Amino acid sequence: MTTPPGVSTALLTDQYELTMLSAALKDGTAHRRSVFETFGRRLPDGRRYGVVAGTGRLLDALADFRFGDAELADLRERGVVDEPTLDWLADYRFTGDIWGYAEGDVYFPGSPMLIVESTFAEGVVLETLVLSILNHDSAIASAASRMTAAAEDRPCIEMGSRRTHEDAAVAAARAAYIAGFATTSNLEAGRRYGVPTTGTSAHSFTLLHDDERAAFQSQVDALGVGTTLLVDTYDVTNAVKLAVEVAGTELGGVRLDSGDLLQQAREVRAQLDSLGATKTKIVVTSDLDEFAIAALQAGPVDGYGVGTQLVTGSGAPTAGLVYKLVAREDSTGQMQGVAKKSKDKTSVGGRKYALRRRNARGTAEAELIGIGTRPEDDGDDRQLLVPLVKDGDRVFHGTLDDARKLHSSARDELPPTARQMSRGEPVIPTVYED
């Protein structure tokens, strides 16, 4: 998670970035114009698409990427770099340009999700900051998107705060909201990012009281009949009966957190209807992932609470993104593409431009990436890169709701196979054009 505003993010950095900087300052290459690119060589195994998230947090963190007295003193005390490098860092301000896919968009292998144009020195020190934010948030958003796609019009609630690092929990709630989750249980995500929050009670509240009726009555008295009562602490059938007796037929909802959720949901729905509580909703929780949600769609479930599987990326806790130098100024002042050619870790050199090729119906057909030149729009296509930072100043101010809306439209333009839960290749191919 981004540190609080005004607190330096400069040491959220791997040491080798500063040692490379130090060597480049000494040999004179530090100020060569350079282009760094963030991309994924592949999607997590079996995934059909990825989701861009964390861009807004990254831009916030970039604004606080400053080496103040405390940071410089620490680096000096530990002998991380020499004095000339410390002098350079003391004046560090990013003055280059950054382009990227807008937050909420989808991406594919090779998509140039973020492009940093600057000197080598200004760009190289940002690698860890960029990757730590985008890798985490994009992994969570990609998992969340599969879950909301499986849930269709049934709302998903993010409730994974107790299953991850306290800072990661806030970032995860934000990323999940971008990908369609309706609410979060995390209050800090509500305060900091405006994500709608929700919450009622845990089993401990029921166990606190002398009996289940007393617990239900207390919750209804405090929160009203529209609250959701947790009905699986003891016996579900008896609890549902008590819940309706206490709250009446206008009871907002009941929550199931254990057992055979599909069968229990069917039984509870029948019982609620027989008691006249036909509008009472059934919310299910209990280590759900996108596959469990897809299976539960066959039952009378009205909403899903998702925790552990969401905040761990549902099996893919990182998006696997890398940050690579793809072009740099040569000794004559000309820009030239550069690329890594090592086995299994190749990259494509050159500054990239990206377009999503769509057919006349608006359905995506390919991720078209131009090397050095912009791919030609045939009239139905969509340009993907937007300016984020210009001459060091932030120019992108998209809101969280903007990202949420973009994600919905970007996912809708993909072929229907994008929503399949079965393992498969990326739903559209990546095509390079020179």
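Me: Are F65 and Y92 buried or exposed in this one?
Reply: Both F65 and Y92 are buried. Keep in mind that this is a predicted model.

Me: Sure. How do the rings of F65 and Y92 sit relative to each other?
Reply: Their planes are at 70° and their centres are 5.5 Å apart, so the pair is edge-to-face. The cut-off for that label is over 60 degrees.

Me: And where in the chain are F65 and Y92?
Reply: F65 is in the loop between α2 (55–63) and α3 (69–77), while Y92 is in the loop between α4 (83–90) and β3 (97–101). They are 27 residues apart, and the pair links distant parts of the chain.

Me: Which residues form an aromatic cluster with them?
Reply: F67 and W88 join F65 and Y92 in one aromatic cluster.

Me: Nice. How many aromatic pairs does the structure hold?
Reply: Six. One of them is F36 with Y323, which is stacked, with 5.1 Å centre to centre and 15° between the planes.

Me: Which strands do F36 and Y323 belong to?
Reply: F36 is in strand β1 (residues 33–40) and Y323 is in strand β12 (residues 321–329). This pair also links distant parts of the chain, with the two positions 287 residues apart in numbering.

Me: Why does F36 count as buried?
Reply: Because its relative accessibility is 4%, and the cut-off for buried is under 20%. Y323 counts as buried too, because its value is 5%.

Me: Switching to the strands themselves: in what sense do β1 and β12 pair?
Reply: Antiparallel, over seven bridges. Within that pairing, V35 stands opposite A327 in β12.

Me: What else pairs with β12?
Reply: Strand β13 (residues 335–337) does, in the antiparallel sense over three bridges. There, E329 stands opposite M335 in β13.

Me: How many residues lie between β12 and β13?
Reply: Five, and the two strands form a hairpin. In the turn, G333 has a positive phi of about 90°.

Me: Last topic, cation and ring contacts. Which ring does the charged end of R351 sit over?
Reply: The ring of Y353, with the charged end 4.3 Å from its centre.

Me: And what does R404 lie over?
Reply: R404 lies over the face of Y177, at 4.1 Å from the ring centre.

Note on methods
Residues are numbered from 1 along each chain as its sequence is written. This is a predicted model: local features need pLDDT of at least 70, side-chain atom pairs count only at pLDDT 80 or more; totals for chains, interfaces and linings use all residues. Side-chain values use heavy atoms; hydrogens and water are left out. Rings of Phe, Tyr and Trp (its six-membered ring) pair if their centres lie within 6.5 Å; planes under 30 degrees apart count as stacked, over 60 as edge-to-face and the rest as tilted. Helices (H or I, at least four residues) and strands (E, at least two) are DSSP runs, numbered from the N terminus. Buried means under 20% relative accessible area, exposed over 50%, partly exposed in between (1.4 Å probe, protein chains only). A charge sits over a ring if NZ of Lys or CZ of Arg is within 6 Å of the ring centre and within 35 degrees of the ring normal. Two strands pair if DSSP finds at least two bridges between them.
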